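Got your viewer open? Load the model, switch on side chains, and follow along.

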Amino acid sequence: MTADETATADPAPAAPTQRRGPGRPRAGSEDKHERILNEAVALFGARGFAGTSLAEVAQAADISKAGLLHHFSSKEQLFAKVLERRDRDMVATLLQDPDLDEDPWKLLDAFVRVVEHNSHHRSLVAIYTATAVAVLDAEHPAHSWVTTHLSMTIERFERAFERGKANGLVRADAPSAVIARTVTALSDGLQLQWLCSTTAGTEAPELLRTGMVEEMRVYSEGLKQVYRA
């Protein structure tokens, strides 16, 4: 090939560049801290704590691992922040009304709405369910969060039912602590069944299929029929 031919030849095709998935914001178009959290929610929800690396979160967020560590000092801290944001967003969206703590029936209705909200946010449900292993290991980074989360949920329901008794809304013989624990346990159990039955490639039998909301609503209405004053 002559020099002239070389000059007029088509240039070699450029190496393909990695593109962000459809619908994902362009790198730099959102706060880096929030972008990391958003990607961590998706990855921790899909793979759990042990199955997710900081390098994978950094790659998904279009940031270097060193850049990620500038915002979160460890995977444990990142996971803890994901869990904290999950609870903060839930309370701010559905459970912040102070009247809920004075009327347990309103609190139950709000809790049903929480379950309905969760049914549209699979990754958040998956993250919560993935923390179940933490109850067996006090050194697990999520152990303290799980303990606090369960305790606060049960305490809030028990307190609301006791106040409901004082306010004449609940029968005096209502077992507040038992109701609080069973409402919490039912919600957690339904979420586990829902994830199991909706996971791609699952062999879960039909009897595990649940939308979660109707079951919680039936239980809530049953409590009202028995214990409403």
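**Stop one: helix H8**

Select Glu 162 and Lys 165: their side chains meet in a salt bridge, with N to O at 3.0 Å. Keep in mind as you click around that this is a predicted model. Now color helix H8, residues 143–166, and you'll find both partners in it, three residues apart, or about one turn of the helix. Buried or exposed, or something in between, for Glu 162? Its relative accessibility is 38%, so Glu 162 counts as partly exposed. Lys 165 comes out at 24%, and because buried means under 20%, Lys 165 also lands in the partly exposed class.

**Stop two: Arg 171 and Asp 173**

Next, select Arg 171 and Asp 173. Here's another salt bridge between side chains, this one at 2.6 Å from N to O. Turn on the surface and check each partner: Asp 173 is partly exposed at 46% relative accessibility, and Arg 171 is partly exposed at 37%.

**Stop three: helix H10**

Move on to helix H10, residues 213–227, and pick out Arg 217 and Glu 214. What links Arg 217 with Glu 214? A salt bridge does, and the closest N and O atoms are 3.5 Å apart. Why are the two about one helical turn apart? Because Arg 217 and Glu 214 sit three residues apart in helix H10. Arg 217 has 35% relative accessibility, so it counts as partly exposed; Glu 214, at 49%, is partly exposed too, since the exposed class starts over 50%.

While you're here, select Asp 109, Glu 221 and Lys 224 together. Salt bridges with shared partners tie these three into one network. For the overall tally, the structure holds nine salt bridges.

**Last stop: His 140**

Finish by centering on His 140. Where is it? Look in the loop between helix H7 (122–130) and H8. His 140 has a relative accessible area of 15%, so it counts as buried.

What does the His 140 side chain reach? Draw a distance to the backbone nitrogen of Ala 142 and you should get 2.9 Å. Then show the surroundings: leaving out residues up to four places away in sequence, His 140 touches Phe 49, Phe 79, Val 133 and Ala 134. Show those four as sticks along with His 140 to see the contacts.

Definitions and conventions
Residues are numbered from 1 along each chain as its sequence is written. This is a predicted model: local features need pLDDT of at least 70, side-chain atom pairs count only at pLDDT 80 or more; totals for chains, interfaces and linings use all residues. Side-chain values use heavy atoms; hydrogens and water are left out. A salt bridge is a side-chain nitrogen of Lys or Arg within 4 Å of a carboxyl oxygen of Asp or Glu. Helices (H or I, at least four residues) and strands (E, at least two) are DSSP runs, numbered from the N terminus. Buried means under 20% relative accessible area, exposed over 50%, partly exposed in between (1.4 Å probe, protein chains only). A polar contact is a pair of N or O atoms within 3.5 Å; within protein, one must be able to donate a hydrogen and the other to accept it, and residues adjacent in sequence count only if both atoms are side-chain atoms. Contact means heavy atoms within 4.5 Å.
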